[in-house]
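Trainee: I am new to this structure and would be grateful for a close look at a single part of it. I will show the structure first and then put my request.

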Amino acid sequence: MQLDHPNASAEARRELLAQLTDVAYTGRTDLSQLEQAVREVFEPDGSSIRRAVGHPEAALTADSAVHLIRARVTAYHQLSDGVVGDELFIEARQEHLMHLRHYQLERPQFAANSPTGRPQMYEALSTSELMNSCCDHLLTIIGLKLAHRSA
């Protein structure tokens, strides 16, 4: 797991896994409970200093993890309700391709600065991994675009 802090308890890790499993299977979550579970694993010491893992241009934080999950849940519900039109899919696809190209160009620099013990954080993406993650990426982008439009 890319979020875990060495001081996170086994109980906190189990709770986060349960929260993530529930949202993956049901498409629903209590975002405040999820955020608390993420923080217990990512920032277990309760410090007011927010922790970030990875390269500064592509760092993972507790807030960013929750924000991305919220976006995916939003997109899932909007897609289930038939609200998302073809235009948004096309925009999301174009944005996905743009970000993918950017990531592939910047990945060597990100990987050179991977956190100790996490060399896989910015690993090269195989064709199989790209295919397997494509729907997740599109769902995330659609959710982020929907959140931006409603803000």
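Is Ala52 buried, exposed or partly exposed? Please begin there and then follow the surroundings of that residue through the helices.

Mentor: The model before us is a predicted one, and what follows should be read in that light. Ala52 is partly exposed, because its relative accessible area is 47%, and values between 20% and 50% fall in that class. The residue belongs to strand 1, which covers residues 52-53. If residues up to four places away in sequence are not counted, Ala52 touches Phe42, Ala59, Leu60 and Thr61. As for Glu35, it stands 17 residues from Ala52 in sequence, and the two C-alpha atoms are 15 Å apart in space.

Phe42, one of these contacts of Ala52, leads us to helix 2. The ring of Phe42 has Arg51 over its face, at 4.4 Å from the ring centre. Phe42 is among the buried residues of helix 2, together with Leu34, Ala37, Val38, Arg39 and Val41. These buried residues pack against helix 1, strand 1, strand 2 and helix 3. Helix 2 has 12 residues, and the distance from its first C-alpha to its last is 16 Å, close to the 16 Å expected at 1.5 Å a residue.

Arg39, also in helix 2, deserves a separate word. Its relative accessibility is 14%, so Arg39 counts as buried, the limit being under 20%. Apart from neighbours within four places in sequence, Arg39 is in contact with Pro44, Arg50, Ala62 and Asp63.

Ala62 brings us to helix 3, where it is buried along with Ala65, Val66, Ile69, Ala71, Val73 and Ala75. The buried residues of helix 3 pack against helix 1, helix 2, strand 2 (60-61) and helix 5. The 19 residues of helix 3 should span 27 Å at 1.5 Å a residue, and the end C-alpha atoms are indeed 27 Å apart, so the two values agree. Just after helix 3, Gly82 takes a positive phi of about 75°.

Helix 1 is a packing partner of both helix 2 and helix 3. It has 17 residues and reaches 24 Å between its first and last C-alpha atoms, close to the 24 Å expected at 1.5 Å a residue. Its buried residues are Ala12, Leu16, Gln19 and Val23. They lie on the same side of helix 1, because they cover an arc of only 60° around the axis. That buried side packs against helix 2 and helix 3. The face turned away from it carries the exposed residues Glu11, Arg14, Leu17, Ala24 and Tyr25. Just after helix 1, Gly27 takes a positive phi of about 75°.

The packing can also be viewed through the nonpolar cores. The largest has 20 residues, and among them Leu16 and Val38 touch the most other members. The elements that each give two or more residues to this core are helix 1 (10-26), helix 2 (31-42), helix 3 (62-80) and helix 4 (86-112). A second, separate core has 8 residues, including Ala75, Leu138, Ile141 and Ile142.

Helix 4 takes us on to the aromatic rings. The structure holds 2 aromatic pairs. In one of them, Tyr103 and Phe110 are tilted, at 6.3 Å centre to centre and with 45° between the planes. Tyr103 and Phe110 are buried. Phe110 also pairs with Tyr122: the ring centres are 5.4 Å apart and the planes are at 50°, so this pair is tilted as well. It links distant parts of the chain, since Phe110 is in helix 4 and Tyr122 is in the loop between helix 4 and helix 5 (127-150), 12 residues apart. Both Phe110 and Tyr122 are buried. Through these ring pairs, Tyr103, Phe110 and Tyr122 are linked into a cluster.

Pro108 is likewise found in helix 4. Its relative accessibility is 45%, so Pro108 counts as partly exposed. The C-alpha atoms of Pro108 and Ala124 are separated by 8.5 Å, although these residues are 16 apart along the chain.

To return to the starting point, Ala52 is partly exposed and has Phe42 among its contacts, while Phe42 is itself one of the buried residues of helix 2.

Definitions and conventions. Residues numbered from 1 in each chain as written. Predicted model: local features only at pLDDT ≥ 70, side-chain atom pairs only at ≥ 80, totals over all residues. Heavy atoms only, no water. Core = buried A, V, L, I, M, F, W, Y, C linked by side-chain atoms within 4.5 Å. Buried < 20%, exposed > 50% of the residue type's maximum accessible area, 1.4 Å probe, protein only. Helix = DSSP H or I, 4+ residues; strand = E, 2+ residues; numbered from the N terminus. Phe/Tyr/Trp six-rings, centres within 6.5 Å; stacked < 30°, edge-to-face > 60°. Lys NZ or Arg CZ within 6 Å of the ring centre and 35° of its normal. Expected span 1.5 Å × (residues − 1). Contact = heavy atoms within 4.5 Å. Arc of directions from axis to C-beta.
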